[in-house]
Amino acid sequence: MALAENGRGLTGINPMVGAVLVRDGMIIAEGFHEGFGNAHAERQLLEKSDQKISANDILYVNLEPCCHTDKKTPPCAQFIVEKGIKIVVYGLIDPNPNVAGRGIQFLQSHGVEVIGPVLPEECARLNRGFVSVMRNGRPWITLKSAMTVDGRFANASGSPRLMITSEEQDRWSHLFLRARHDAILVGIGTVLADDPELTVRPHPLLRQGFGGQAPAPFSDGGRGEPYRIILDPHFRIPLTARVVNGELAEGTIVVRKEPEDSEEPEEPEEKMRILEKRGVRILTIPLNRDHKILNNGSGYLPAEHSVTFDWQSFWQALTTPSGDFHGISSILVEGGSRTWGAFREAKTVDEEVILVGG
Ligand SMILES: NC(=O)c1ccc[n+]([C@@H]2O[C@H](COP(=O)([O-])OP(=O)(O)OC[C@H]3O[C@@H](n4cnc5c(N)ncnc54)[C@H](OP(=O)(O)O)[C@@H]3O)[C@@H](O)[C@H]2O)c1
């Protein structure tokens, strides 16, 4: 599982997978899935290793070896059999409906002893993004908020930003929340109010792999940062916003609604052109006018700001790889209150973290 972590931020909607080959209780070869479209962990290990496989060698892998052929790389189960591996221990049955136990059956029917699933909960937790995409058709959603001890989340509109969390809490949430998700998401209200950067601030622990607890996420060869997603149906984002400037622009995705006939076409088009030139990705998603955004439980918003994107179309766009975009399997929703309300109302929150400070 620690080896699998090396692929964090690189595998897109694919799982993070690590594999080790053990002989007489010693690891003699290891491999991991290095990124979307690259060799799977088992193949990587077996191709790289110059060891002659003996009958007692055990292959350990955190996910059932694949058996389907409609993908970029050939099936691992077949390769394992061809290489002469006789014992496989796996952590989790693959939730991909194209595999779902067939990899195990293939191995067993070719005389391989298969043991597992040995750590299904831990392995599902590691790959919660992939499991969610497979089971729910959408990324894993963690909702994060910070509130003061007296229950405030923000200052009144127009007032200076309410600083809530301590430096230590910020460091923790950068290391264990932001750096552990494929994307950080906020509503346009937060961009207009706070002009955040939505980055994982460089910290020595990231480079040292969390002090030995896990390898560094988004490490060499990765994009370096999770994506930034801005929900902005009315395309209000200022060209001066930090998330669409400098090197941040390339990792930012602005989600807007389809333009309507009544709108002035020129201004948004010019803005789109400028943003796209900077490397910002613009997703156009239809609205679902039947769905209303709750204002954090305190009532519905005025009609012009109460509609949500059509969730189905939104998930589809985020989980469909295209070109150098390999899909997003986990999102940290950072706010503000309207955005939290929309995700809660749609019952798409898998985990919620509240930091209490100030
Ligand atoms: N304490 C914390 O943890 C925390 C974290 C972040 C922000 N904040 C604070 O929260 C305040 C901003 O919160 P806010 O509630 O005013 O704004 P917000 O949640 O940042 O943005 C709300 C707007 O985003 C768009 N939006 C959100 N979800 C959508 C969905 N599912 N579909 C379509 N559009 C969606 C809508 O844009 P339109 O209005 O264009 O329709 C909506 O009105 C700021 O003061 C900020 O400092 C606090």
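## Helix α3, the ligand shell and some backbone oddities

Let's start on the outside of a helix: Gln105 and Ser109 are exposed residues on the face of α3 that points away from its buried side. Keep in mind that we're looking at a predicted model here.

Now flip α3 over. The helix covers residues 102–109, and its buried residues are Gly103, Ile104, Phe106 and Leu107. Looking down the axis of α3, these buried residues sit within an arc of 160 degrees, so they line one face of the helix. What do they pack against? The partners of α3's buried residues are α2 (76–82), β4 (87–90) and β5 (113–115). After α3 comes Gly111, with a positive phi near 80 degrees.

On to the ligand. It has 29 residues around it, and the closest are Gly187, Gly189, Thr190, Gly335 and Gly336. Which elements supply at least two residues each to this shell? On the strand side they are β6 (140–148), β7 (183–187), β12 (307–309) and β13 (330–335), and on the helix side α7 (188–194) and α11 (337–345). Of the contributors, α7 gives the most, with five residues. By residue type, the shell splits into 13 nonpolar, 11 polar and five charged.

Then there's the backbone. Most peptide bonds are trans, and most residues other than glycine have a negative phi. A few spots in this model go the other way, and here they are side by side.

| Site | Feature | Value |
|---|---|---|
| Gly116 and Pro117 | cis peptide bond | omega about 5 degrees |
| Gly335 and Gly336 | cis peptide bond | omega about -5 degrees |
| Ala100 | positive phi, not a glycine | phi about 40 degrees |
| Lys347 | positive phi, not a glycine | phi about 55 degrees |

Where do these sites fall along the chain? Pro117 is in the loop between β5 and α4 (120–126), while Gly336 is in the loop between β13 and α11. The cis bond joining Gly335 and Gly336 therefore involves two residues that are among the closest to the ligand.

Ala100 belongs to the loop between β4 and α3, and Lys347 to the loop between α11 and β14 (351–357). Are these two buried or exposed? Ala100 is partly exposed, with 15 other C-beta atoms within 10 Å. Lys347 is exposed, and has 6 other C-beta atoms within 10 Å.

Note on methods. Residues numbered from 1 in each chain as written. Predicted model: local features only at pLDDT ≥ 70, side-chain atom pairs only at ≥ 80, totals over all residues. Buried ≥ 20, exposed ≤ 12 C-beta atoms within 10 Å, placed from the backbone. Helix = DSSP H or I, 4+ residues; strand = E, 2+ residues; numbered from the N terminus. Arc of directions from axis to C-beta. Contact = placed C-beta atoms within 7 Å. Near = placed C-beta within 6 Å. Nonpolar A, V, L, I, M, F, W, Y, C, P; charged D, E, K, R; others polar.
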